[in-house]
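Please work through the following exercises with the sequence and the model open beside you, and attempt each task before reading its solution.

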Amino acid sequence: MTSSSPTPDAPDAAVAARPPRSGPVVAVLAFGGIVVSLMQTLVVPLVPDLPALLHASASDASWAITATLLAGAVATPVLGRLGDMYGKRRTLLLSLAMLVVGSVVCALSDALAPMIVGRALQGFSAGVIPLGISIMRDELPAGRLGSAMALMSSSLGVGGALGLPGAAALAEHADWHVLFWVSAGLGAVVIALVLALVPESSVRGGGRFDLVGAVGLSIGLLCLLLAISKGADWGWADGVTLGLFGAAVVVLLLWGRWELRVSGPLVDLRTTARRQVLLTNLASIVIGFAMFGMSLVLPQLLQMPEATGYGLGRSMMTAGLCLGPSGLVMMAISPLSARITGTWGPKVSLMLGAGVIAVGYGMGVFLMDAVWQIVIISCVIGAGIGLAYSAMPALIMSAVPVSETGAANGLNTLMRSIGTSTASAVVGVVLAHMTTAFGPYQVPSLNGFRTAFVIGGGAALVALAVAALLPGRGPARLTAAPQRPGTPRAVARG
């Protein structure tokens with residue numbers, strides 16, 4: 001193991017000296033991010049039919065979605081730390097391999113248990129996006145880094161928006177198992193491209209893996225997210241729900257004490273407590289809430305029967321096509337976000353993104369009478385999400401040591417997941433309790449949808465307020481990330 005500046009006779013010195021082929025690296029990593037986010041929306045068209053397909057109750061069948069959420073929450077910080085220690089490309093390939101294996105397991109499943117296992121394995125691929133951002137920081141020239149990170153970060157929203165119509169089309173015209181065979185095939189393609197075009201980063205953090213910290217964080221997150229995601233089904237005052245919330249508080253407090261005392265923590269809480277990192281992570285929670293709120297509200301409004309007086313009576317596939325343009329907007333906005341970040345700094349990009357999201361939700365309160373209005377609303381919100389998501393990696397990585405970028409980005413992605421889980425719970429409760437009679441059924445009322453829009457807009461305004469508290473303005477200095485005193489410098493393996 002040598003210092004971060006390899007000697008001239010090191011085997012990799014000549015390779016490291018050559019400028020990386022940034023175009024293929026960015027394209028492959030962004031494609032990988034899109035494939036992973038596609039996986040998250042894969043089962044959305046199947047949700048109404050899952051109980052019959054898996055021969056299970058509706059409550060049990062929902063575990064096919066919950067398992068992915070929980071696995072992804074655990075995976076992002078753990079895989080980020082493993083990437084910092086043992087190689088980001090290697091860990092990225094491991095994440096993609098779990099996506100492929102999980103997809104194959106789901107494709108071969110006709111029962112609930114194997115489906116849950118497969119979906120959990122798919123969830124472990126959530127680490128691909130933070131690992132990809134970290135690889136970009138290690139490998140790309142400074143002039144290319146801003147726009148590349150913006151594209152990679154926005155791939156989470158891009159894949160989700162573009163995947164819904166594709167998944168709906170396959171679900172309508174083919175056997176549902178085909179969805180997972182396609183996912184496995186796309187994952188295999190990304191693995192091949194990574195092996196061929198993405199170099200292994202020479203930046204390593206060294207040290208020993210904090211197994212106790214990983215177990216503690218996993219247990220705490222499982223308790224917290226399980227209570228959030230299943231609380232509406234079990235009852236928010238139910239003993240199990242309250243017990244899980246209580247256990248999450250106790251375990252995470254003990255975990256935090258351990259992380260502050262151990263020499264090589266899974267998550268460096270001292271770095272995480274820096275004002276810029278802390279506020280960015282808080283903003284990520286709220287932006288994640290705002291992003292997922294749109295995904296919950298707009299499809300239901302589009303598919304609600306026209307006889308209700310406010311529903312638009314469209315099919316799942318049509319609803320997906322209506323939301324697809326928002327993904328394209330996110331992708332198109334990433335170069336603009338990079339330019340804003342490079343000129344005025346990522347704080348401005350994040351504030352602008354939060355403001356645009358708030359405007360989009362505000363439009364939704366009044367414009368829900370036609371399909372074209374829904375498309376415009378989704379595109380405005382998508383533009384805001386693209387601006388905000390593109391700014392977050394620059395804020396994080398300009399405030400953490402180079403040797404901790406994987407873990408820091410993983411934690412930031414986890415914050416987004418907590419936001420999306422909370423949105424699912426809050427918006428779900430609103431739409432479930434603000435209902436109106438439609439024949440023998442109760443459906444979400446017009447005021448319920450408007451309330452959901454107001455909540456989403458309020459979340460965006462909270463994110464704007466948090467972003468305003470970030471220190472200073474000006475371009476982030478990604479090439480000179482501060483080192484925490486006592487932290488071993490990044491090392492390269494010769």
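**Exercise 1: a backbone angle in a loop**

His 55 lies in the loop that runs between helix H3 (50-54) and helix H4 (58-61), in a model that is predicted. Determine the sign of phi at His 55, and decide whether His 55 is buried or exposed.

Solution. Begin with the backbone, where His 55 has a positive phi of about 55°, although this residue is not a glycine. Set this against the general expectation that most residues other than glycine have a negative phi. Then turn to the surface: the relative accessible area of His 55 is 66%, and because exposed means over 50%, His 55 is exposed.

**Exercise 2: two helices in contact**

Describe how helix H17 (residues 371-397) and helix H18 (residues 405-433) pack, giving the angle and the distance between their axes.

Solution. First, the axes of H17 and H18 are 10 Å apart and form an angle of about 140°. Since angles over 145 degrees count as roughly antiparallel, this pair falls outside that class, and H17 and H18 are therefore oblique to each other. Next, the crossing in which H17 passes H18 is right-handed. Finally, H17 contributes Tyr 389, Met 392, Pro 393, Ile 396 and Met 397, which meet Thr 405, Ala 408, Asn 409, Asn 412 and Arg 416 of H18. The residues of this contact comprise 6 nonpolar, 3 polar and 1 charged.

**Exercise 3: cysteines**

State how many disulfides a search of the whole structure finds, and classify Cys 223 and Cys 379 as buried or exposed.

Solution. The search of the whole structure finds 0 disulfides. As buried means under 20% relative accessible area, Cys 223 counts as buried at 13%, and Cys 379 likewise counts as buried at 18%.

Conventions:
Residues numbered from 1 in each chain as written. Predicted model: local features only at pLDDT ≥ 70, side-chain atom pairs only at ≥ 80, totals over all residues. Heavy atoms only, no water. Disulfide = S-S within 2.5 Å. Buried < 20%, exposed > 50% of the residue type's maximum accessible area, 1.4 Å probe, protein only. Axes fitted to C-alpha atoms, helices over the stretch in contact; angles between N-to-C directions. Helix = DSSP H or I, 4+ residues; strand = E, 2+ residues; numbered from the N terminus. Parallel < 35°, antiparallel > 145°, perpendicular 65-115°, else oblique. Left-handed = near helix turned anticlockwise from the far one by under 90°. Contact = heavy atoms within 4.5 Å. Nonpolar A, V, L, I, M, F, W, Y, C, P; charged D, E, K, R; others polar.
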